[in-house]
Amino acid sequence: MHCRTGRGLREKEETKMKSTRREVEKRSEIGSVIEELSMMGTVKPGEKHESGYIPTKPFLSVCYFVLQVLDKIGPTMAVLRQDVYQNIKTLELMHESNTSVNSNLVEILKSEAKEGNARKGSSCSKAMVWLTRTLDFTSSLLQALAKDPEKRMEQVVEEAYEVTLKPWHGWISSAAFRVALRLVPESKTFVNILKTEEENYDILKEKMQMLVSLFVPFLEDVHCILRLYNLDKIKST
């Protein structure tokens, strides 16, 4: 009797796990990042944490979402994608070196500022600045598509770039981006790639609007902390 009961429990657990996997597979990247941002508790300086709080692992999970969006735009975003990936890895390695201390990104910024390394080489501070700007870019792009899905993708990407990344890029990076713009997919193609099989455009539009509404206050908090450490004016070399 005990064995049959144990087997029954295992079968229930396996069924539950399969159901969970199916739900995860159905969930779009946008749905996943909405969930991540909804649960993420960033804190501005001067509130519960004197210097602010940004949880490292959830922040990096959101940045991995950006990689997925850039992949969907296509190989034209390869250079930007590689930069994002390298910056994520820089922060991941720092986090793994001391998971308890570095579970708060602000502690990493504080440490590099104290050591005078924030603006040197491939610092975590610089990695965070550029990841934040790419999140700005992604938020701006999704906001524009949610407002006008018929707008040319080339124009959407260019306008998002102009207000988020271009002010901080040198002429080489700007020129490379100009070339990349010629190869972006059509808006309809990009939107269809973002959807899951169960979603229509209206559902996707609602999700994009919800994501942007979460991105805005989250990014405001992050920018506030970057300004506190005088990192907000860093430009590419």
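In which helix is V69 found? Select V69, and the selection lands in helix 3, residues 56–73, where helices (H or I, at least four residues) and strands (E, at least two) are DSSP runs numbered from the N terminus. Before going further, note that this is a predicted model, in which local features need pLDDT of at least 70 and side-chain atom pairs count only at pLDDT 80 or more, while totals for chains, interfaces and linings use all residues. Residues are numbered from 1 along each chain as its sequence is written, and side-chain values use heavy atoms, with hydrogens and water left out.

**The whole chain**

Show the protein chain as a cartoon, and ten helices and zero strands appear, so that from the N terminus on the elements run α-α-α-α-α-α-α-α-α-α. Of the 237 residues, 41% count as buried, where buried means under 20% relative accessible area, exposed over 50%, and partly exposed in between, with a 1.4 Å probe and protein chains only. A surface representation corresponds to an accessible area of about 13,300 Å², of which 52% belongs to carbon and sulfur atoms; such areas come from the Shrake-Rupley method with a 1.4 Å probe, and for residues only the protein chains shown count as cover. If contacts are drawn (heavy atoms within 4.5 Å), then among those between residues at least 6 apart in sequence, 73% join residues at least 24 apart.

**Helix 3 and the core**

Return to V69, which counts as buried because its relative accessibility is 3%. Leaving aside neighbours within four places in sequence, V69 is in contact with T138 and F190, and its C-alpha atom is separated by 9.4 Å from that of R81, twelve residues apart along the chain.

Next select helix 6, residues 124–147, and within it S139, which counts as buried because its relative accessibility is 6%. Outside the residues up to four places away in sequence, S139 touches V212, F215 and L219.

Then colour the largest nonpolar core, a core being a set of buried Ala, Val, Leu, Ile, Met, Phe, Trp, Tyr and Cys residues joined through side-chain atoms within 4.5 Å. This core has 65 residues, and those with the most contacts inside it are F59, F137 and L141. Helix 6 supplies the largest share of the core, twelve residues. Centre the view on L141, which, not counting residues up to four places away in sequence, touches I73, M153, V156, V157, A160 and F190; F190 was also met as a contact of V69.

**The largest pocket**

Which residues lie nearest the centre of the largest pocket? Select D83, W130, H169, S173 and S236, which hold that position among the 25 lining residues. On a 1 Å grid over the protein atoms alone, a pocket is an open set of points where a 1.4 Å probe fits, with protein on both sides within 12 Å along at least five of seven lines, and lining residues have an atom within 4 Å of a point. The elements that give two or more residues to the lining are helix 4 (78–97), helix 6 and helix 8 (171–181), with the largest share, seven residues, coming from helix 4. The lining divides into ten nonpolar, twelve polar and three charged residues, where Ala, Val, Leu, Ile, Met, Phe, Trp, Tyr, Cys and Pro count as nonpolar, Asp, Glu, Lys and Arg as charged, and the others, Gly among them, as polar.

**Helix 10 and the segment after it**

Now select L228 in helix 10, which counts as partly exposed because its relative accessibility is 43%. Apart from residues up to four places away in sequence, L228 touches P45 and S51, and the C-alpha atoms of L228 and G52, 176 residues apart along the chain, are separated by 9.5 Å.

V43 can be selected next, in the loop between helix 2 (29–39) and helix 3; V43 counts as buried, because its relative accessibility is 10%. Its C-alpha atom is separated by 10.0 Å from that of C224, 181 residues apart along the chain.

The last stop is N230, in the segment after helix 10 (201–228), which counts as exposed because its relative accessibility is 53%. Phi of N230 is near 55°, a positive value in a residue other than glycine, whereas most residues other than glycine have a negative phi. A distance label between the C-alpha atoms of N230 and R119, 111 residues apart along the chain, will read 9.9 Å.
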